[in-house]
Structures are given as structure tokens and as C-alpha cells.
Amino acid sequence: MPELTDKKVKNLELLANTIRQDIIEMLVLAGSGHVAGSLGMADVFSALYFHILNHNPKKPNWSSRDRVILSNGHICPVLYASLARAGYFPLEELKKLRSTHSRLEGHPHFSSLPGIENTSGPLGSGLSQAIGITLAFRLDNLKNRIFCLMSDGEHDTGNTWEAIMSAGKYRLNNLTAIIDRNNIQIDGFTEDVMPLESLRAKYESFNWHILEIDGHNIEAIIDAVNEAKAIYEKPTAIIAHTIPGRGVGFMEHDFSWHGKPPTEREARAALLELRTLSGRLKEE
Amino acid sequence: MTARKTESDKNTFSDKPKLAALRDGFSEGILKLGEENKNVVLLCADVAESTRSHFFKEKFPERFFEMGVAEQNMAAVAAGFALAGKIPFISSYAVFSPGRNFEQIRTTICYSNLNVKIAGHHSGLSAGPDGATHQALEDITMMRALPEMKVFVPCDALEAKKAVIASAKIHGPVYIRLARERTPLITSAKTPFIPGRADIIFEPKEKIKPQVLIIGAGPVLYEALLAAAVLEKEKIGAIILNLHTIKPLDENKIIELAKKTGCVVSIEEHQIFGGVGGAVSELLSKKYPIPMEFVGVKDSFGKSGLYSDLIKKYNLDSASIIESVMKVIKRKKF
């Protein structure tokens, strides 16, 4: 991982802002999709694709690349925007999200698009896929790191806990899960729908190393990933506390934005807010 | 009495046919693959011994993964292995895998067209005394409905071994339906297993006109052979087709033989909805509609009991096949 300077941090924050603008533009054109989680994870994606990952967008199948397994596929707008910004495919294609003749499926499909490492959508099976890859790499003595991005809501599924248990069993230190702890899911707040706390204690009891960070703090994200690399006996889960809808005031913290796109008018307001923030960042 | 096709095992029609369990055929197949290809890995869900996966575990401990009673995780972990270039086999009872993990098989394996092989053990009524909860009677239908999936239903231990080995040589998901009980050998070690090619395992003597085509898959084909031998004494000729590959379906062979006989009886240790008979009738109703009867479990669950008793109780035995043959011949138009 390259050195992290103040300038680089600012650059990553700006990239996250750009990705957020992409998300708003994509969703308003698509007319459907999941906005809150996508916006909330933009900082994590910016840190991953523009600093943390060992990858080459021009060679998406390069064997030494790190793997990003997206488990909560519904936040794929943030993945697509990040991949396009990183150079995996033309930015133009973002406008075709969810349309009939597009490679940008409503939920990510393996092999449809360069940079997509797995299929997901139905919640709960991304961590399992990441575990399979990690075990296979261990067999082949490969050192690639595997990042699994998960939602908090998908911790309702049995499959997720089956996976957590098995990663603990196999002490998969090359595997890092980053959990989007934004406290919302479709039907409401996670603690009302199906309480998850204490998530930390649950993971720890399954033999994982746990870190809790502000998921909008670029330096904290990168530091946590570095710490995870230093843990040799266990897989690490980074609980990234995020604000759903982050960056767009009227969407923040409101679970009703989980699964819907903005109207054109709302999109204009959202873009204005994001561009203003971007301008301020540049001036700092 | 000997089987009519030279490829078939000569003992099939003896009073005491040689017996072997499909699960042991699976074990032999996966062991051979383990030796041949270091990319083959085996995942098991706390049923290593009863699925005969433990021999692989002993021989290749580093490539055996005990996933516990967690079939959903097992399927999606296998998808991960395949994403990393391995050839994972997942081994559990068919009621659990694909019974419990259907969605993971659909989304993470089939939709991505990943190289995962699913061994569904104790299928049909072969879990006998364990009862209905452990008797998978729906798995063929579930698996053949999935795009990319191929479905093998071997009829004996030898064919199970060959199906396992063949599955690893095909890219993409394959479901292999296996059974617990020791059942008669129908094929021989020399019988070729070609995925997608249905094999005739019985034809009437030259002087007897073939009047019915019996299409079946799995160990219950033995009952069809017994039925055919009885029918022949009554001068009723039957051709028996071993449809070991349900998907892709050997359409040409089925139509060719259907034209020869003018009627069909299907036989399977499975619900009659959408399984072996379902696949055949979907084809024939479109391309060559002729009378057809279905021998299978008719919209009911199984129950505890001896396998041999259950075959009779659910009307899958030779007597039931003969009854269906007589019925379908009467319905013929020519």
C-alpha cells in the first residue's frame, strides 16, 4: 500500500464525493435502485479502489490482484461508479444502470462487467464466497488479500453466521470483512427489525478480530485495513459506522431511502449539495 | 436370464445380482479425481462417513473441508473455491443440498456458471428407515430448472463413479443424484458414460416387436428390467432407455425410440412433477405426442421403512411398471 499523505487523503475524499455524484446521477436515470447504502459506503470504496487494493484496472483478471467480494449486492451503484472511475470500463456506461441493453445489472453479476468478482443480491452469501476464495488461495500458497463488503442488515441471515463461524474455524487471516454498520434496513432500523447488538461481541465469540471505525474517515479506514493485515491468527471484521445517505442532508439517517432513487428534483438538490461540498474541499 | 445389451452386467438378471451402493461409486470417483487433479476439493456438511466422503478426507486431508451442518455456507464457499479456479464437490444428503441451499446454488453457482459439482446423497427412498424428512423426492425438478446446471442420475455404483469423474471434465455446475442402499449393478465397468447420451439397456428378442419404451433413471431402473423380462414372456416387447443425464436431454434418442414404440412409460424414484417423466413429456408433447404413463411418487411424502418395502408401497416396483405398460399400450392409436 502506498504512503498516505494529507494530500492523498483529500484526494480520496474528493473521489468519494465524485462517486456520490455518480451514484445520484445513475439512480435518477435508472429510476430504481438503492441510494442510502451506496452513498454511505462511498468513502470505503474510494479508500479501497484508489489506495488500498493491489489491482490493475487494465488487467482485471490479473492473478495477483486483491479480491473485493461485495455481499450486499444492492449497493452496486457505488461499486460500479468506483470501478468506472478506476478505469475498469467507460464512465459513459454508468448511465445505463439497470437498463435492458446494459452490462450494469441491478445486482452485480460475475463476469458481466470487468472488475466484478462475484454475483450477489440475495443477502448473506458473499462472506461464504470470500471464504472459498481465501481457502483456495491458502491451498495454493497465494498471498492475495480478500475483502468482503457486507451490510449490517444481512446479519439477519443464517448463511452469514454459518460463514462467520467457518472463517473463525479456519483462521482466515487474509480475509477482511468490512461491515457497513448504518443501522438501517428496508423495514426500519436494524435494532427494531432484528437486533444485532452486540455485533462486536458476537464476532469476537466466533474467533474474529474486531475493529470499529468511523466509516467516513479515510485515514481510519486505511489504518484499520493495515491493522487487519498485521493480525495473523484470525480473520478481521471492520465494523464501519456509517451514515446512510451520507453527503445528502435529506437522505441521511432515513431508512425510507434504503431502496429508492431520488426524483429529478431531489437529484438536483442532492447534486448541488455534493458539488458545494466538493468545492469547499478543494478550497481547503 | 441375461440382460439383452452386451454392455450390461451379466449378473443383472440372475437371482442374486451383484449389489453395490451409489455412494461407494461416488467415493471411488472422487478418490480417482483427487489423484488425477490437485484442483479437486471436497466439502462436506457433517455427513462424511455416510456420504463416503471420509476416504477422500483420509487420503487428501488438505483438500477436504468439513463445513459442519451448514449447507448454505457450503454451497457459497464452493462458489468461492470455483471463483479461485478450483473444482469443488459439495457432499451432503439431497434433502439438505440442494434442498436447503437452493438459493445459494441458484445465485452464487449457476448464475455465475461456476465449476461446482453437487453430490446429492440418499436421494429417492434410499434413506429408508430415516423417513420422509430424509428422502429427497424433488431434487431432479429443482436442479433441472436451473440454467447452466447439468443433471446426472446414475443407475448403479459403477455409473455413479463414472458420472463423478465425467462431471469434473465439464465446465460448470453439475448435480449428481446418489443413493444410500446397495442396489443391483445394471451396467458394467466397460459401459461408457457419455454425458447427454441416453443408453438402451434392454431390447426385446428379435422376434418380439417393441411395443413400449420405458425411460428411467437411477437404481429403480432395475425394476424396469425385471418388468421387461416378465412382459417378454407375454410377447410384449419393451425397450428400456437409461436416461442417466436428465439435462441436457438426449432428445434425438428419445424421439427415435418413441417413434418405434408409439408409447412411453417413465420410471423414477422421485415426484412425478418435473422429473424424469416430466422432462420426457415436455419433449414429446411438443415434438412427438404419444400416450405416456408415469411411474413415480405421486404427490406424497415418503415414510420410514425398508427400502425394498417402500419401492412397493409407492408403486415403483416391477408389478407397477407392468401395470402402467399395459395401460399405456391400450391407449395407443396404432
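Here are some worked exercises on a predicted two-chain model, each with a solution that goes step by step.

Residues are numbered from 1 along each chain as its sequence is written, while chains are lettered from A and ligands numbered from 1 in the order in which they are written. Since this is a prediction, local features need pLDDT of at least 70 and side-chain atom pairs count only at pLDDT 80 or more, but totals for chains, interfaces and linings use all residues.

**Exercise 1. Size up chain A: how many helices and strands are there, and how does the radius of gyration fit the globule rule?**

Step 1. Take the elements, which are DSSP runs numbered from the N terminus (helices are H or I, at least four residues; strands are E, at least two). Chain A has 10 helices and 7 strands.

Step 2. Now the radius of gyration, taken over C-alpha atoms; the globule rule is 2.2 Å times the number of residues to the power 0.38. Chain A comes out at 18 Å, close to the 19 Å given by the rule for 284 residues, so it is as compact as a globular protein of that length.

Step 3. Look at the C-alpha trace: along its principal axes it spans about 50 × 45 × 40 Å.

Step 4. Check burial. A residue is buried if 20 or more other C-beta atoms lie within 10 Å of its own, exposed if 12 or fewer, and partly exposed in between, with C-beta atoms placed from the backbone. In chain A, 52% of the 284 residues are buried.

Step 5. Add the record. UniProt, in an unreviewed entry, lists residues 15–268 of chain A as "domain: Transketolase N-terminal"; such annotations may be inferred rather than shown by experiment, and positions are in the numbering used here, with feature names shortened. That span is 39% helix and 13% strand, and its end C-alpha atoms lie 19 Å apart.

**Exercise 2. Which elements of chain A touch chain B?**

Step 1. Count contacts (C-beta atoms, placed from the backbone, within 7 Å). They bring 24 residues of chain A against 22 residues of chain B.

Step 2. Sort by element: α5 (126–139) and α6 (158–169) of chain A each supply at least two residues to this side. The most come from α5(A), with 10 residues.

Step 3. Sort by class. Ala, Val, Leu, Ile, Met, Phe, Trp, Tyr, Cys and Pro count as nonpolar, Asp, Glu, Lys and Arg as charged, and the others, Gly among them, as polar. The chain A side has 10 nonpolar, 12 polar and 2 charged residues.

Step 4. Zoom in on A:Ala163, which sits in helix α6 of chain A. It counts as buried because it has 32 C-beta neighbours inside 10 Å. Not counting residues up to four places away in sequence, A:Ala163 touches A:Leu127, A:Ser128, A:Ile131 and, across the chains, B:Asn73.

**Exercise 3. What covers the buried residues of α4(B)?**

Step 1. Find how enclosed the helix is. In α4 (residues 102–110) of chain B, 7 of the 9 residues are buried, so the rest of the structure largely encloses it.

Step 2. Name them: B:Gln104, B:Ile105, B:Arg106, B:Thr107, B:Thr108, B:Ile109 and B:Cys110.

Step 3. Name the cover. It includes α5 and α6 of chain A, together with α3 (71–83) and β5 (117–121) of chain B.

**Exercise 4. How far apart are the centres of the two domains of chain B, and what meets between them?**

Step 1. Set the bounds, which come from an automatic or database domain assignment: domain 1 (19–184) and domain 2 (196–327).

Step 2. Over C-alpha atoms, 25 Å separate the two centres. The contact takes 29 residues from domain 1 and 31 residues from domain 2.

Step 3. On the domain 1 side, α5 (139–144), β6 (150–152), α6 (157–168) and β8 (182–184) of chain B give two or more residues. By class, that side has 15 nonpolar, 7 polar and 7 charged residues.

**Exercise 5. Which residues touch the most other members of the largest nonpolar core?**

Step 1. Define the core: buried Ala, Val, Leu, Ile, Met, Phe, Trp, Tyr and Cys residues joined through C-beta atoms within 7 Å.

Step 2. Among its 193 residues, B:Ile214 and B:Ile240 touch the most other members. The core draws at least three residues from each of domain 1 and domain 2 of chain B.

Step 3. Leaving aside neighbours within four places in sequence, the contacts of B:Ile214 include B:Ala224, B:Ile240, B:Val265 and B:Ile321.
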